[in-house]
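Good morning, colleagues. I should like to take you through one pocket and two residues of the model now on the screen.

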Amino acid sequence: MSKSVSVQRIYKAIEKQVFIQGAYSIVPIRYEDRYQIMQWRNDQIYHLRQSKPLSKEEQDQYFDNVIPKLFDESEPNQLLFSYLKDDICIGYGGLVHLNWKDKHAEISFLMNTSLEKLDFEIHWSQYLELIEEVAFGQLGFNKIFTYAFDLRPRLYRALNSRGFKKEAQLKSHVLFDNSYVDVLIHAKYNPYLTLKKATETDLELTFQWAKNKMIRQFAISQSEITLEEHSQWFRKKLDDSNCTYLIVCRGLQAIGSFRLDVQSKIGKISYLLDPCVHGMGLGIALLERGIEFCKEHKLAISIQGEVFEQNIASVKVFEKLNFQRIDQQESGLILFEKDIL
């Protein structure tokens, strides 16, 4: 059930301003919440990159001089939000150190100190779900990460529950109570996949994928191809009314393709993943999005895919998506099939 949340300021950098999950929401940081935020920062200074307690004068100066500029910039260095439960502020955070060129940002979050003991993981998990929609859904960023002193093991449980993976451990990196402690960096990559119809402008990109040695070793035809050969094949597919050729994007980055060739209501799937994103678990997500598209547009009654048995990753993808093996040739080529209508 949705609810309305009043917004005082609007960020130019994002189209959507309010992000809601049940009773919880994040909205552009509110001026009225500044002293609560100051108190929480002072209470929890031990795990923040803050050298001394803040005063009301310092907090006023920050909210009067720094915060307003963030709303008007198309590429601010941070986007800050008040974290609300039923319109009452119980925390704040955002995306900081925004890198607009490489599309990544650090996550910042601080909750009401009174909630830390019993509800820490609940609110971190809830907040992460909301801020991911900003980073991945709105900004199309490639990666978000946390930079945390190795002092709060419950934080890592919350991060793991949302699919974040430990990416780095900086040994003895910060001084805490006269001893050096590690810093742990956990990251999550954009899982949001979108589809767009392939066009002439995708010819060069699809050629680079198709000729890649990692791709060709598992292709039905493994011989090398030239740009001329690919161009003829590519344009033929674009002109074929029985072919649906889609480019799959994660955020703003094209990461693969999905193709469906239909004959007599049976669709033959062909898909590939850019080798630069292999090992990230995107194969299943890519195929799922393609299958959803086929269902939505009623392109076929059933779909089939062929894969060599030595291509273990692709075999597992088909099996996890409940495709049935209906044939296997002596060459090791397996034919999978699944009804979709």
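Helices (H or I, at least four residues) and strands (E, at least two) are DSSP runs, numbered from the N terminus. The model is a predicted one, in which local features need pLDDT of at least 70, side-chain atom pairs count only at pLDDT 80 or more, and totals for chains, interfaces and linings use all residues. Residues are numbered from 1 along each chain as its sequence is written, and side-chain values use heavy atoms, with hydrogens and water left out.

I begin with the second largest pocket. A pocket here is an open set of points on a 1 Å grid over the protein atoms alone, where a 1.4 Å probe fits, with protein on both sides within 12 Å along at least five of seven lines; lining residues have an atom within 4 Å of a point. Which element gives the most to the lining of this second largest pocket? It is β5, with five residues. Elements that each supply at least two lining residues include α1 (34-43), α2 (56-65) and β4 (88-99).

Let us turn to L155, in helix α5 (residues 153-161). L155 is buried (under 20% relative accessible area, with a 1.4 Å probe and protein chains only; exposed is over 50%), because its relative accessibility is 2%. Leaving aside residues up to four places away in sequence, L155 touches F120, W124 and A148, where contact means heavy atoms within 4.5 Å.

Finally, S51 sits in the loop between α1 and α2. S51 counts as exposed, because its relative accessibility is 76%.
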